[in-house]
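Subject: Structure handover

Hello,

Please find the structure below. My notes on it come after.

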Amino acid sequence: MQMEHVKGRRRGEIILYALSTCGWCAKTKNLLGELGVEYSYTYVDRLSPAEMEDAIREVEKYNPSGSFPTLVIDGSRVIVGFREAEIREALK
Amino acid sequence: MTGEGIPDEIIDARVEKIRKDAEDGGYLLNPDPDFVRALVAGICINEQRYGYAACPCRLASGNREEDLDIICPCDYRDSDLNDYGACYCALYVSAGVAAGTIKAPCVPERRPGRQERKKMSENNSANVSRKELIPVWRCRVCGYLCARENPPLICPICKASQDRFVRFM
Ligand code: SF4
């Protein structure tokens, strides 16, 4: 799946599943930028149909409602939505 | 967030239309104008992409019928306004959030997941029985009646507050 990589401080494997049109996704991305951590992200709404289906399944695995933003840290910790305090705490 | 080729004037005009419709109906928009503009740009992009104004914070299917519940304003807006003080995207907010005294909350997704939606559409009968459970509210000021889980925060007709409503049926 097409992922964009952002360089920064290594705090584990951080993946952000986002929508390019969503305000909370943008805020989450800005927060990751502010925290200066290394992460990968994908705008699921901009993927090709086949890649989109893969991405949706991946998101659903971590977050059954399939909502965005979904932030996955080291394949185990999942933060759904722009939960600022929780994200700051997890990546400090 | 970019306008994906949508001219600024189109987005600005849409912001104004949404603002006016909101005000006319007793709704309030997020106090952050840049946040509002970005969401409205998302609505315009979705309309261009899918042919309907799907919620910018949800992934549309491209099939209007499947997404009727998330065409903005979505079916969930008023319940989320009532329970959390903002719609899922925080485009529409309560008076407290609009005034800046309360921060826009992170609203959990109320829309059922994909699998659940599929099941729901397969057994339509559930929707029929639900209809009878929806209460009807009456605005004591102007007599406006509405069938929904809770009365609106502001009466869309006379702008009386939610506590002026009584259960009618
Ligand atoms: S959550 Fe808000 S912005 Fe999104 S469709 Fe519903 S009313 Fe519109």
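The notes cover the ligand site, one helix and a few backbone details.

This is a predicted model, in which local features need pLDDT of at least 70 and side-chain atom pairs count only at pLDDT 80 or more, while totals for chains, interfaces and linings use all residues. Residues are numbered from 1 along each chain as its sequence is written, chains are lettered from A and ligands numbered from 1 in the order in which they are written, and side-chain values use heavy atoms, with hydrogens and water left out.

Ligand site

The residues around the ligand (a heavy atom within 4 Å of it) are C55(B), R58(B), C72(B), P73(B), C74(B), R77(B), C87(B), Y88(B), C89(B), L91(B) and Y92(B). By class, this shell holds nine nonpolar residues, two charged and no polar ones. The classes are nonpolar for Ala, Val, Leu, Ile, Met, Phe, Trp, Tyr, Cys and Pro, charged for Asp, Glu, Lys and Arg, and polar for the others, Gly among them. Two of the shell residues, C72(B) and P73(B), are joined by a cis peptide bond with omega about -5°. P73(B) is in the loop between helix 2 and helix 3 (77-84) of chain B. Helices (H or I, at least four residues) and strands (E, at least two) are DSSP runs, numbered from the N terminus.

Helix 1 of chain A

Helix 1 (residues 23-35) of chain A has 13 residues and should span 18 Å (1.5 Å times one less than the number of residues); its end C-alpha atoms are 18 Å apart, which agrees. Its buried residues (under 20% relative accessible area, 1.4 Å probe, protein chains only; exposed is over 50%, partly exposed in between) are G23(A), W24(A), C25(A), T28(A), L31(A), L32(A) and L35(A). They pack (heavy atoms within 4.5 Å) against strand 2 (14-18), strand 3 (39-43), strand 4 (70-73) and helix 3 (84-90) of chain A, and also against helix 2 (33-50) of chain B. Just after the helix, G36(A) has a positive phi of about 70°.

Other backbone details

Chain A also has a cis peptide bond, from F68(A) to P69(A), with omega near -5°. P69(A) is in the loop between helix 2 (49-62) and strand 4 of chain A.

Two residues other than glycine have positive phi: D74(A), near 55°, and K159(B), about 70°. D74(A) lies in the loop between strand 4 and strand 5 (77-80) of chain A, and counts as partly exposed because its relative accessibility is 48%. K159(B) is in the loop between strand 4 (145-147) and strand 5 (165-167) of chain B; at 38% relative accessibility, K159(B) is partly exposed too.

Regards
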